[in-house]
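Good morning, and thank you for joining. I shall speak briefly about the contacts and the nonpolar packing in one model.

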Amino acid sequence: MGRRRVYFDFKRINSLYSNLSSLNILELVELRKNYKKLNYSITELDLQLLKLITFPFLLVLMSLLSSLIMLRIKHLSGFTFKIAIGLFFSVVIYYINNFFYVLGTTEKLSVLLATFTPLFILSFVNILMLNRPFMMIMKLINEYKNQRCQLLIAKCKMSNKLLYFMLACNMLRF
C-alpha cells in the first residue's frame with residue numbers, strides 16, 4: 001500500500017513545553033495557539049496566563065497584608081514571634097492559591113473563579129484589617145466635631161446670642 005500521510009508537525013509537537021511557570025506571557029500566547037491547532041486542552045494555559053496577569057495585584061495585596069500584620073503586632077517585642085506569624089500567613093496564602101489553582105486545573109471551578117477567588121479572599125482580609133484603623137480615625141473625627149459643637153453651645157449659653165446657637169445646630173448636622 002505505501003506510506004500514509006501524517007498531518008501532524010512532529011517538530012511542533014516535540015517543541016511544546018510542559019513547564020508553564022517558566023514561560024512569559026508572549027510565549028504562553030504562542031503556546032496557546034499551538035495547543036488550539038493540535039486540539040489540546042488549553043485550561044492550564046489560560047489559568048497560567050491569568051495567574052501571570054494577576055500576579056502584580058497579588059503582590060500588592062500581600063504587601064498590604066504584611067504591613068497591616070506588622071503594624072498590628074507592634075506592641076509585641078518578640079522578634080521570633082513576628083517572624084512565625086509572617087511565615088504562618090505566607091504558608092496559608094500559598095496553600096489557598098495552590099488549592100484554587102488545582103480546582104481550576106481539574107475544571108471543578110471556572111478558570112476566572114479559580115484565579116480571582118484567592119485575590120478576593122486576600123482583599124477581604126485586608127479590608128477587615130483596615131476597617132479597625134478606619135473606624136478609629138472616624139471616631140477621632142467625631143470626637144473632634146463633638147468637642148467643637150460643645151464649645152459653640154457653651155458660647156451660646158454665655159452670650160445668649162441666637163446666631164451662635166444656629167451655628168452650633170448646623171455643626172451638629174455636619
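**Contacts and cores**

Let us begin with N126, which is in contact (heavy atoms within 4.5 Å) with L61, L64, L65 and L68, leaving aside its neighbours within four places in sequence. Please note that this is a predicted model, in which local features need pLDDT of at least 70 and side-chain atom pairs count only at pLDDT 80 or more, while totals for chains, interfaces and linings use all residues. Residues are numbered from 1 along each chain as its sequence is written, and side-chain values use heavy atoms, with hydrogens and water left out.

N126 is found in helix α5; helices here are DSSP runs of H or I, at least four residues, numbered from the N terminus. N126 counts as buried (under 20% relative accessible area, with a 1.4 Å probe and protein chains only) because its relative accessibility is 2%.

L61 touches N126 as well as L119, L122 and S123, not counting residues up to four places away in sequence.

I turn now to the largest nonpolar core, meaning a set of buried Ala, Val, Leu, Ile, Met, Phe, Trp, Tyr and Cys residues joined through side-chain atoms within 4.5 Å. This core has eleven residues, among them L61, L65, L68, L119 and L122. Helices α3, α4 (79-105) and α5 (111-159) each supply at least two of its residues, and α3 gives the most, with five. A second, separate core has eight residues, including L23, L31, I42 and L49.

Finally, T54 is found in helix α3, residues 43-72. T54 is in contact with T115, F116 and L119, its neighbours within four places in sequence left aside.

How values were computed
Buried < 20%, exposed > 50% of the residue type's maximum accessible area, 1.4 Å probe, protein only.
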